[in-house]
Structure formats: structure tokens, C-alpha cells
Amino acid sequence: MESSDIMKKLFLTIASAILMCSANMLSAQSLEISHLAGSNTIVHISADRQAEYLMLPIEETARETSVKVICNNDLVRHLNIRLAINKVDYYVPMILDEWKGREIKLLTHSSMDRSTVRDAENELCWSKMYLAESFDSSNKEKFRPEYHHTPAYGWMNDPNGMFWKDGEWHLYYQYGPYGSMWNNLSWGHSVSRDLIHWEFRPDAIKPDALGYIFSGSCVVDEKNTAGFGAGAVIAIYTSAGEVQAQSLAYSLDGGNTFIKYEGNPILTSGIVDFRDPNMFWNDEIGKWNLILACGQEMRIYTSDNLIEWKEESRFGLGYGCHDGVWECPDLFKLPVEGSDEEKWVLFCNINPGGPAGGSATQYFIGDFDGYRFKVDDTARYMDGNALWQDYGKDHYAAVSFSGAPDGRHTMIAWMSNWDYANNVPTRQFRSANTIARDPFIYKVEGKYYLGSRPAPEYAGAGLDKVLKVNGSCKVTLSNAKGEEFVIAYDQRGKTLSCDRSRSGLTDFSERFNEIATAPVHRKLTSLRIFVDKCSVEVFGNDGEVCLTSLVFPSSPLTSFSVTRY
Ligand code: FRU
């Protein structure tokens, strides 16, 4: 074929494909596909369309296609989408609302070389894409939890920017709306009044020219220190593009929509892994603090206005586990139960390097004067020794809500592990968060430990099972098919472990079967267990020992049996 021919646009209406699809589908006149030279295709969406959504067909094993959304010659969004080549696994919607009444074009570039126009035509996505007025996001997943937070559809990892205000728990999260694998990170947004029922809100912060929107935190700036208005919700997050840098956005409507600060990025460095800013007001010094993961250390900053930050100190080299990347820090003060003492806890999520393999949350207990964090009892953290908030395999990126009521520091973690997060056997959504937990410090034989107690909102909601423990025992959760999840308490050996190797679907990853074992510092007298469609969360002594595990049984694990040994 002549190259001029190849260059010639092939305009192809997709009316027939559209007629074959659902009732919500709109007529096709406003969608045209033109295949260009090389590996490029343009999808034209005309200004007179009536559609809310462009429905994108996804094939999870397909390579990624780069999709540039162009409006009046400007690049208004850049996404990476696994557009279907050979089969359609599911659809995701592209919301067209923000370009209403304007012509837009998707300029797509496939990473695989296409030598002829014919090849491009044979790719399934072009005939299966369609415009629609509505998108059915009702649940289609048997593993969708009943009371754990999940995105309605698409990919989710870390909880971000959580804050409490006026009776509402705001949960943002690393959200990839264009498929159920990690990509195109924005901040999704959900709100709850009881930490059980979650309402979905439109995405709060979308990727831009500085990059994807990685993890970060929010505070309510009651005193207008930043100058965006008293009560503005301020978000600081990592812009992850060619480099990682910290950016600021503010919300004047209680956290629903954010305006990005023009002076972004506000914090830069020469380090590759430089991310996950977590900020809080520190009354003791009358300043804002921010803690940031930088390579194998946490950096601590101060600020008067949330925009200009001064580095004060670094923490981490030589302490705790360094077998992976340090990510998602948090830092706050907690009372030591049963005493008048208070201690600071520095949280460091690390991947890999966790006690059961892969991702996990380590913590350090010590003192903080607003400028420098000092661990207590340094010997406990030397030579790679680490303490973990949850010894299960599915507790990661744990951070706290800002401004939780009654001085609480309620936390939520992402209930998955980078060892297999992209491959767990769900499609419509991937993944869920843990239940909310209130951390506390308890002291045994002169040593401080961190515990995590299920938030009081769950008390009386009938979600948990509480068992009295008196000596070593095995608790087996099972279903009629004989699939089982085994919790074993070894009083002599002072351990609590969870074995999910016969709990149903496990073969999607070799790393799913490992047994998770936690040290028990004080004799167990109770086990509190939360079972949902795809998870088991175990709390020894109401949170002194925690193990969180995903499970994918063919039917729910509703039978309980206890054996003593
Ligand atoms: C942790 C993490 C963060 C980062 C985000 C990207 O799971 O790697 O460090 O901000 O996920 O999605």
C-alpha cells in the first residue's frame, strides 16, 4: 500500500456495533474512528452528542494504549488504557461531562507496531466502543464486601487524604477508573457517616501535566493559615510524572471539588522515591508538620502556611526493616493505655519486606518535639528488627483520618498486597479497604506496643464474632465445600497465625498461600473476628494482635468451629 494511502484517514462509523448493544446506547453519528499511519487511531466525538459516557472496552491482558484526550487542540487528559484487541472483558466509562458541547478527539497510540491499516481495523475496541447515557455500576461481583469500602468499579490502592468533618468521614483513595489494574491514578472520593455505608462522590483530583495523583493527606485549615479561606480543605499529594514532587490543592466546598494551586509543585528534590506527604497541625510548636517518604528515610518538615516547608530532620537509616521501599508515613501521639504517659508513633509502610511477604506497615514508638523524632529503646529496631501494625498479608498503606472526633486517630489500610494486588480474582472492582481501626499503645514488661482496635462504630452492628480464649486453640471458619480458613493460637509459643491455603481460590499467585504469624505479647483472652465476602480480620485481645487476610472461597465461610490443644 502507498504510504499516502496509509496516511489517508479512514473514517468509519460504528453504527452497527452500537445498534447491537444495550438500550442506553446512543445513536452513532457523533462517534467516528479514523486509523492513521503507524500505531495511531483518532476517535472523533462530535460536539452535538447527547451522551454522558464513552464506553471503553477493556481486555485485561492487552497491552496498554496511550490515549490523549484533545479538546480545541489542547491536551486535556492523558490516559493509559488496556483497550480490547481480541476480547472484551468488561467496559469502563469515560465521563464526558466536562467537555459538554465541545468536540473532543481521542488520539490513541498503541505500543505494538501496526504495519498496516487493516491490522488496526481488526482490533475489537474500535467496533465495540460506544456512547451511552447511563452506566450500570450495580454490583456484579460475588466477592464484593458488604461492609468494607470498595470503589464502585475500577482499581483502588492506598487510602488518601482522609479527614472527618461535621459528622462525615471523607475517604479519598488511589483510584484508576479506566480498568481494574493499577494505572491512571487520581483521587477517588467516598463519604460515610458510620464507617459502614459509603457513598460515592465524583473523583476529587485528576491527573494533570505534572503527572498522576499519588498518595497524600488533607487537613481542614480552620485558621486560614494558607490564605485560601478559613475552613478550606487543603490536600497535599505527590505529583508523579517524570519525577515525583509534592503539590497542593484546596477545596472550598468541604472536600468535594479541589482547585489546584498555581505554584505547584511546592516541594521538590533530587530523589527518585519522594512521596506520600502526610501533614498535621502540631499544637506543641504552633506549626504544621509534614512527614514524607524519601528513599529509605522519612523527612520531617515544618510550615506556617502549608505552602512553604522547611526540612527539619530525617529518620530511619539504621532502624527497622529496609527490605523494600519506604512509603506512606504517618506520625501522631497516643496515650499509653493504663497510664498517664503519651508516646508518638511513626508509621512506615514498606513494600516488600513485610512479615508475611510483600507489603506491610511497620511502626516506631518514640518521642517527637515537632522537629525531630527519636525512637524509644533503639535496640528494638536495630539489625533489621521491626514491629508491625498487622501481621496479616493484606494490610498496607495504613494512614489516619485528620480531625477524627474525640481526639481519635482512626486509621484505614488498603486490604491487599503488591505481591498479587493486580491479580486477585475480582474484575468489576479491585480492591477493598480494611475496617476502620483506632490505634492504641499498650505496655508489656516495660515495652511499648501498638494495637489497633476496631472502631467503636462497629460495636453492636452485628458484624463480628467474639470468642473467649483460654489456652491454645484452633478456630476454623469453613463452608459446605470444605474450604477453610484456620486461625491458630499457640499459647506456649506466643503466636497467633492464619492459614488460608485451603480457603478457596488461591492459585492466582504463588505468594498468596504463605501462613501469616504474629507474636503475642500478652496471653490471649479473646479473639474478635470480622468476616466479609473476601476477607477475614482477626483481632487478638481486641486489637493487641492483628492479622488481616483476603480470602476467595466459593461460598461464604460461615461455619465456625473451635478446637483446643
Ligand atoms: C503505595 C504507593 C505509594 C504511592 C501510590 C501510587 O502503595 O506505592 O507510595 O503514592 O502507591 O499508587
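1. One definition to start: a charge sits over a ring if NZ of Lys or CZ of Arg is within 6 Å of the ring centre and within 35 degrees of the ring normal. Arg380 does this with Tyr449, its charged end lying 4.8 Å from the centre of the ring. Arg453 has its own partner in Phe440, and there the distance from charged end to ring centre is 3.9 Å. Keep in mind as you read on that this is a predicted model.

2. Now the ligand. Which residues are around it? The list runs Asn157, Asp158, Gln174, Trp182, Leu185, Phe214, Ser215, Arg275, Asp276, Glu327, Tyr396 and Trp418. By character, this shell splits into five nonpolar, three polar and four charged residues.

3. Some polar contacts to the ligand are worth a look on screen. The side chain of Asp158 has an N or O atom 2.7 Å from an oxygen atom of the ligand. For the side chain of Trp182, the matching distance to a ligand oxygen is 3.0 Å. Ser215 takes part through its backbone instead, with a polar backbone atom 3.1 Å from an oxygen of the ligand. How much of the ligand does the protein bury? On its own the ligand exposes 320 Å², and 95% of that is buried by the protein. Strand 10 (154–165), strand 14 (212–221) and strand 18 (274–282) are the elements that each give two or more residues to the shell.

4. While you are at strand 14, check Ser217, which lies in that strand. Is Ser217 buried or exposed? Its relative accessibility is 4%, so Ser217 counts as buried, the cut-off being under 20%. A polar atom of the Ser217 side chain lies 3.1 Å from the backbone nitrogen of Met279.

5. On to the aromatics, where the count comes to 39 pairs. One of them joins Phe228 and Tyr250, with 4.0 Å centre to centre and 5° between the planes, and the pair is stacked. Why does this pair tie separate parts together? Phe228 is in the loop between strand 14 and strand 15 (232–240), while Tyr250 is in strand 16 (residues 244–251), so the contact bridges parts 22 residues apart in sequence. Both rings belong to buried residues: Phe228 has a relative accessible area of 18%, and Tyr250 comes in at 16%.

6. Then there is Phe512 with Phe552. Why is this pair called tilted? The ring centres are 6.0 Å apart and the planes meet at 40°, so the pair falls between the stacked limit (under 30 degrees) and the edge-to-face limit (over 60). Phe512 sits in the loop between strand 35 (495–499) and strand 36 (516–519), and Phe552 in the loop between strand 39 (545–550) and strand 40 (559–564). The two are 40 residues apart, and the pair links distant parts of the chain. Phe512 and Phe552 are both buried.

7. Aromatics also gather in a group here. Phe315, Tyr319, Trp326, Phe364, Phe373 and Tyr381 make up one aromatic cluster.

8. Last, a residue in another strand: Asn80, found in strand 6 (residues 74–81). With 23% relative accessibility, Asn80 counts as partly exposed. How far apart are Asn80 and Gly320 in sequence and in space? They are separated by 240 residues along the chain and by 36 Å in space, C-alpha to C-alpha.

Technical notes. Residues numbered from 1 in each chain as written. Predicted model: local features only at pLDDT ≥ 70, side-chain atom pairs only at ≥ 80, totals over all residues. Heavy atoms only, no water. Near = heavy atom within 4 Å. Polar contact = N/O pair within 3.5 Å; in protein donor to acceptor, adjacent residues only side chain to side chain. Areas by Shrake-Rupley, 256 points an atom, 1.4 Å probe, with all protein chains shown as cover. Helix = DSSP H or I, 4+ residues; strand = E, 2+ residues; numbered from the N terminus. Nonpolar A, V, L, I, M, F, W, Y, C, P; charged D, E, K, R; others polar. Phe/Tyr/Trp six-rings, centres within 6.5 Å; stacked < 30°, edge-to-face > 60°. Buried < 20%, exposed > 50% of the residue type's maximum accessible area, 1.4 Å probe, protein only.
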